Number of protein chains: 2
Amino acid sequence: MFEKEVAEAVKPTSFLRESDEIASSFSNSLRARFEKMIREAQDSVCSAIEALDGAGKFKEDVWSRPGGGGGISRVLQDGVVFEKAGVNVSVVYGIMPPDAYRAANPTGNGNLAPGPVSFFAAGISSVLHPRNPFAPTMHFNYRYFETDSPKDAPGAPRQWWFGGGTDLTPAYIFEDDVKHFHSIQKSACDKFNPDFYPRFKKWCDDYFYIKHRGERRGLGGIFFDDLNEYDQEMLLSFATECANSVVPSYIPIVERRKDTPFTDRHKAWQQLRRGRYVEFNLVYDRGTTFGLKTGGRIESILVSLPLTARWEYDHEPEQGSEEWKLLDACINPKEWL
Amino acid sequence: MFEKEVAEAVKPTSFLRESDEIASSFSNSLRARFEKMIREAQDSVCSAIEALDGAGKFKEDVWSRPGGGGGISRVLQDGVVFEKAGVNVSVVYGIMPPDAYRAANPTGNGNLAPGPVSFFAAGISSVLHPRNPFAPTMHFNYRYFETDSPKDAPGAPRQWWFGGGTDLTPAYIFEDDVKHFHSIQKSACDKFNPDFYPRFKKWCDDYFYIKHRGERRGLGGIFFDDLNEYDQEMLLSFATECANSVVPSYIPIVERRKDTPFTDRHKAWQQLRRGRYVEFNLVYDRGTTFGLKTGGRIESILVSLPLTARWEYDHEPEQGSEEWKLLDACINPKEWL
């Protein structure tokens, strides 16, 4: 369990523990560079959202934990274009159960059997829900994870890994939009490794699966987790490139769709799909369920939920309708490029 | 995992397996009598709801599973008084993991270590969501459970237990309403055992707890589970009495509140509380999470979710307001009688 967070009036330069900062290599440490990256990404995404919205402004909450770590939550609610937009960064120090350590290190020494392991995690996480049912919801999250050596095995290596992804959840399919989104994700991937896009696209389709519905929550993008089999510097650059790809992959789509006329039927369908979004996040999403169980900052965790959602009994879109086409693509994921 | 259910055009007299029905004591078996009781309760609750609504009608879906068991789902949606009302009965044959068997039999022979155990479960489950924010949501569920002897321990005793409860979830407190509701629950309990109401009232407050919020989803009622330390006949009568108390404890309240004028603020607060309802059901409710994981009939399980719900970032009602009073009673459960 985490300690209870406290509100901060002033934004610190870094949420790292002093022991991290004092380390001679501080300014070059991956922890410090990752925190800097996600805070810059938070600024640039929020600026782009506010510029597009025209009226809505982000409300900022800064918080910290007594033992180290903290975060900045930014939420824009009831804007002109965006119904609810959350962009959070956090830096977390915690204790990980032995099972989780082993899971993160499947090729490690099986005889190790360590006790609880201290970990460090920093990440940016965001969900953007526009009002217009033709403008898609988008989510992205990039995080960096490190464990300390287990206390009873001081010689054991530290573990580290990267995780994250960016994915699109429309209520209606505009092929141009989906192709645009996926092509920018692919470009970001291709700069680093030609295997990344196909691998992380499939991973995304597999991860955002609402098992009890037999459908995905949306039309995917890229997703990866526990990534440590590449060079650490390369993966930092890759995560940075992905974070920088959020605005160009998404903002032009909302720009195009934000004023499209719509009917009550379109709105009701968007609301039903938001119900599915809630189902995925509360039942399956690792970050959400982990955060709820370990005492993370609830309002930051649940800012991913839409402002409003809807559940109709046994709703089935008419075969061949635009609603049916979206559902079909959520059930049978497509190659968009 | 359950087999996939199939739709039935005709409602069978019983969903019990033929092997159950052929048993000489069929018409007197607890399985048969419990099924009859919940089907009668379904009829009487649905009639009362339709009469109160005046316009909305229940849509009925009958389903069965090839290996035995089935159910009747009834849903009224978009009525005049009720936004969404679901009343389901089901009869289920399944296989239970050994852990669950032991948990249900904590005083049993610890050396038994049985393999998977066949079980039988029958239940009625209902959630009623009115439109008017001053008319409360109500939930009730009564179920009967039996296990067969484990295959590798044919001499071991069958287990059985009863579970259920009835609880009220208003968005605003009218003390008269809450007292009326609890007093009818207490009367039902007191007919059987003076310990029942205090014990099951507390159990209800403990069960409907949204841990990550530190609050209950509503103002409680009664709840019990794994109940087998009383006479079986007495518990069948008690469950019947509880099911028969649903209409008198709830319908007069909705009758009184259904036409109360309300503002957008009242409606928004109701919607926020419905968001909490969704959080409880998807994250904590045993029946829901068990059903989603084992392949139960999804539309029947999720009919408990409200038609619409809302999540605002960091919403805190003004201290002393009517909204605050409700939240306070959800955080600090009260004795209403």
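Aromatic pairs number 52 over all chains of this structure, which is a predicted model. Allow me to take two of them in turn.

In the pair of Phe134(A) and Tyr172(A), the ring centres are 5.0 Å apart and the planes stand at 45°, so the pair is tilted. The two residues come from distant parts of the chain, 38 residues apart. Phe134(A) belongs to the loop between strand S5 (117–130) and strand S6 (137–147) of chain A, while Tyr172(A) belongs to the loop between strand S7 (159–169) and helix H4 (175–190) of chain A. Both Phe134(A) and Tyr172(A) are buried.

For chain B, I have chosen Phe208(B) and Phe280(B). Here the centres are 5.3 Å apart with the planes at 50°, so this pair too is tilted. Phe208(B) lies in the loop between helix H5 (196–207) and strand S8 (209–210) of chain B, and Phe280(B) lies in helix H8 (residues 264–283) of chain B; the pair therefore ties together parts that are 72 residues apart in sequence. Phe208(B) and Phe280(B) are both buried.

Aromatic rings also meet charges. In chain A, the charged end of Arg257(A) sits over the ring of Phe174(A), 3.9 Å from its centre. In chain B, the charged end of Arg257(B) sits over the ring of Phe174(B), 3.9 Å from its centre.

I turn now to the sheet of chain A. It is an open sheet of 8 strands with antiparallel pairing, in the order S1-S2-S3-S4-S5-S6-S7-S10. Its edge strands, each pairing on one side only, are strand S1 (6–8) and strand S10 (221–227) of chain A. From one strand to the next, the twist averages 15°. Within the sheet, strand S4 (residues 82–96) of chain A pairs with S5(A) in the antiparallel sense over 14 bridges; Val92(A), for instance, has Ala121(A) in S5(A) as its bridge partner.

Which helices accompany these strands? H4(A) lies across S6, S7 and S10 of chain A and runs at about 160° to S7(A). Helix H5 (residues 196–207) of chain A packs on the sheet as well, touching S7 and S10 of chain A, with its direction at about 90° to that of S10(A).

Finally, how are the two chains related? A turn of 180° and a shift of 0.0 Å along the axis lay chain A on chain B with an RMSD of 0.0 Å. The two copies are thus related as by a two-fold rotation axis. Ala309(A) has the C-alpha nearest the axis in chain A, 2.7 Å from it. Of the interface residues of chain A, 100% are also interface residues in chain B, so the copies meet through the same surface.

How values were computed
Residues numbered from 1 in each chain as written. Chains lettered and ligands numbered in written order. Predicted model: local features only at pLDDT ≥ 70, side-chain atom pairs only at ≥ 80, totals over all residues. Heavy atoms only, no water. Phe/Tyr/Trp six-rings, centres within 6.5 Å; stacked < 30°, edge-to-face > 60°. Helix = DSSP H or I, 4+ residues; strand = E, 2+ residues; numbered from the N terminus. Buried < 20%, exposed > 50% of the residue type's maximum accessible area, 1.4 Å probe, protein only. Lys NZ or Arg CZ within 6 Å of the ring centre and 35° of its normal. Least-squares fit on C-alpha atoms with pLDDT ≥ 70 in both. Contact = heavy atoms within 4.5 Å. Pairing = 2+ DSSP bridges. Axes fitted to C-alpha atoms, helices over the stretch in contact; angles between N-to-C directions.
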